[in-house]
Amino acid sequence: MISAISWVRKGAAAEKPTTYEMTEEEYTRIQDIAALEIEDAKKELKAKSQLDQDILNDPALKDFDLDKYDDSDHDSDQEQGSAHVFSKIKGLSYYKEGEEDPYITFKDGEDDPEEDESDEVRIFGSDNLLLVAKTEDDISNIEVCVFEGESDNLFVHHDFMLPAFPLALEWLDYRVGRKAQEPGGGSYVAVATFEPRIEIWDLDTMDGMYPDLVLGCMDKKQLRKCRGKPHAEFHTDAVMSLSWNKNVRNLLASSSADTTVKLWDLNTAKCVQSYEHHKDKVQAVQWHPTEASVMLTGGYDQRVAAFDSRAPTAISWWTMDADVESILWDIHSPSHFFVATEAGTVRYFDIRNVTNGQGAAPIYTLVAHDEAVSAMDQHPTVAGLLVTGSADETVKVWDVREHKPSMVISRNLDVGSVFAARFCPDEPMLMAVGGSNGESRIWDMSTNADVRSTFGDASVRSMPVAEKPLVGLQKDDDEEEDDNPDAVIAEMHGDAMQPLEAKPSDDDDDEEEDDEEEDAAMASDSE
């Protein structure tokens, strides 16, 4: 399943991503995190020990002496002193001269094989990155994919594991964590999951073990005490949405199932403000594109709120017909916004039409889908082009100019229920879509006849083009071989390198019989 997607603009990623290296500071940081995890695991194990004792005390098992089954010298050593996760790291051999190290297999002056690997992982300035939040067999990760637009090629560059199911992604070019003091913006992704914490990962580092920054409480004991109850300093339930403030770049907003919206300072990794105006899960939050302190929130209490973060008590409310799925400021008319709901509708409002804190009726209501509108995005440069995706497995393009919405095209992109849809920031007619079957697709709408005839000028409409096929992730050689049952069987028998003999099909037998009959008929005619 693909639950979230985010683009990274061209040139933002490092040309040669670095490989994660363990430093003394990083070692200490990971040791502290691991110690907390181990302590929590010990407490959980102790809480469950009573059940184990009941099983061991079963008279039928007394003769087996199972309570001493796992005893060993190693256990007695651990009782004498606590073991560290990386206790052996400082005992590794060190060689001052490279020639003395038996693990260095190339000499000075020879080509370093790591240089060849760096060429393989190079990201060019003409490449976009596509971040895909994917879950398969209860394992969640973020795939950092490279999209080569010139050749319509999409492949996974690297990935990193997540602790829980991902719900939202937010890309930012603001340095945090280990590289906070380095010049430049960097390339990071903030990840919201079912855990009550936000992880921020460095996209320019491969094989990372832990995120560069974690926002939220790491003490599981404290979290268990206040699970689901609003807390002023951290979230206590799943984080459902994220929004980075592009005008005040050190601020990140988050909304949660604990009914709160929180404002985080990326410099200090602390929550600087907590808002509790919703009465149910807060599904969506988004900063205004130009007004740095104004934000929009929507929740399962079927309400949308707009307010200035500096004066959170002055809130304007709009009531919906169902739970809010997503919200979107109209970047072409910043005083308006879209709201997508679980009922399959999209409503369009004017933030200025408010009386005594209550917003006016929508300018229009679009019945977009038969099921929940789970994805929505607006074209960054073409006004009036809106795209929606739904659990009904369709992606629809809408013309909403002059407040008269009409559908341009509806397509099933073969991704299952649609959970994510995003326009590319550099090639605006490219849209990435992901859904329930775990597949992502890139759709070039610039070659679609309906889109061209609706939004193109006269020169575009008069120039017909063939529509490009959808672009998906390419499979590597191993995956393609696994998809071939003959190759799998041959490998099991140790014959993977030998060609398999083609077995004649029934059609081939029929053709041979027809040829024999035809030869016999020709022979009789000649006689």
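Visitor: In the hairpin of S30 and S31, which residue takes a positive phi?

Guide: This is a predicted model. Its S30 and S31 form a hairpin, with four residues between the strands. One residue there has a positive phi near 80°, and it is Gly438.

Visitor: Over how many bridges do S30 and S31 pair?

Guide: Strands of a sheet pair through backbone hydrogen bonds, either parallel or antiparallel. In this hairpin, Ala432 sits opposite Ile442 in S31. Strand S30 spans residues 430-435. Its pairing with S31 is antiparallel, and the number of bridges is five.

Visitor: Which residue in S32 stands opposite Arg441?

Guide: S31 also pairs with strand S32, residues 471-472. That pairing is antiparallel and has two bridges. Opposite Arg441 stands Gly472.

Visitor: How many residues of strand S31 are buried?

Guide: Buried means under 20% relative accessible area. Look at both sides of S31: Ser440, Ile442 and Asp444 point one way, Arg441 and Trp443 point the other way, and all are buried. Strand S31 covers residues 440-444, and its buried count out of five is five.

Visitor: In what order do strands S1, S3, S4 and S5 form their open sheet?

Guide: Four strands make up this open sheet, with antiparallel pairing. The order is S1-S3-S4-S5.

Visitor: Which strands of that sheet stand at the edges?

Guide: An edge strand here has a single partner strand, so one side of it is left without a neighbour in the sheet. From one strand to the next, the twist averages 25°. The edge strands are S1 (2-8) and S5 (153-161).

Visitor: Which residue in S4 does Ala133 stand opposite?

Guide: Strand S3 holds residues 127-136, and strand S4 holds residues 139-148. The two pair in the antiparallel sense over ten bridges. Across from Ala133, in S4, is Ile142.

Visitor: How many disulfides does a search of the whole structure find?

Guide: A disulfide is a covalent bond between the sulfur atoms of two cysteines. Take Cys217: its closest cysteine sulfur, in Cys226, is 7.0 Å away, too far for a bond. The cut-off is 2.5 Å. Over the whole structure, the number of disulfides is zero.

Visitor: What is the relative accessible area of Cys145?

Guide: Start with Cys217, which is buried at a relative accessible area of 9%. Cys145 is buried too, and its relative accessible area is 0%.

Visitor: What volume does the largest cavity have?

Guide: Rolling a probe the size of a water molecule over the atoms shows where empty space is left. With a limit of 30 Å³ or more, the search of the whole structure finds one cavity. The volume of the largest cavity is about 60 Å³.

Visitor: How many residues of the lining of the largest cavity are charged?

Guide: The lining residues include Tyr20, Phe160, Trp201 and Tyr210. Also among them are Arg178, Asp202 and Asp212. The lining divides into four nonpolar residues and two polar ones, and the number of charged residues is three.

Visitor: Which strands stand at the edges of the open sheet with S19 and S24 in it?

Guide: This sheet has four strands in the order S19-S20-S21-S24, with antiparallel pairing. Each edge strand has a single partner, so one of its sides lacks a neighbour in the sheet. Neighbouring strands are turned by 20° against each other on average, direction ignored. The edges are S19 (324-329) and S24 (364-367).

Visitor: In S20, what is the bridge partner of Val324?

Guide: S19 pairs with strand S20, residues 336-341. The sense is antiparallel, over five bridges. The partner of Val324 is Thr341.

Key. Residues numbered from 1 in each chain as written. Predicted model: local features only at pLDDT ≥ 70, side-chain atom pairs only at ≥ 80, totals over all residues. Heavy atoms only, no water. Pairing = 2+ DSSP bridges. Axes fitted to C-alpha atoms, helices over the stretch in contact; angles between N-to-C directions. Buried < 20%, exposed > 50% of the residue type's maximum accessible area, 1.4 Å probe, protein only. 1 Å grid on protein atoms, 1.4 Å probe; cavity = no way out; pocket = protein on both sides within 12 Å on 5 of 7 lines; lining within 4 Å. Points joined across faces, edges and corners; volume = space filled by probe spheres on them. Nonpolar A, V, L, I, M, F, W, Y, C, P; charged D, E, K, R; others polar.
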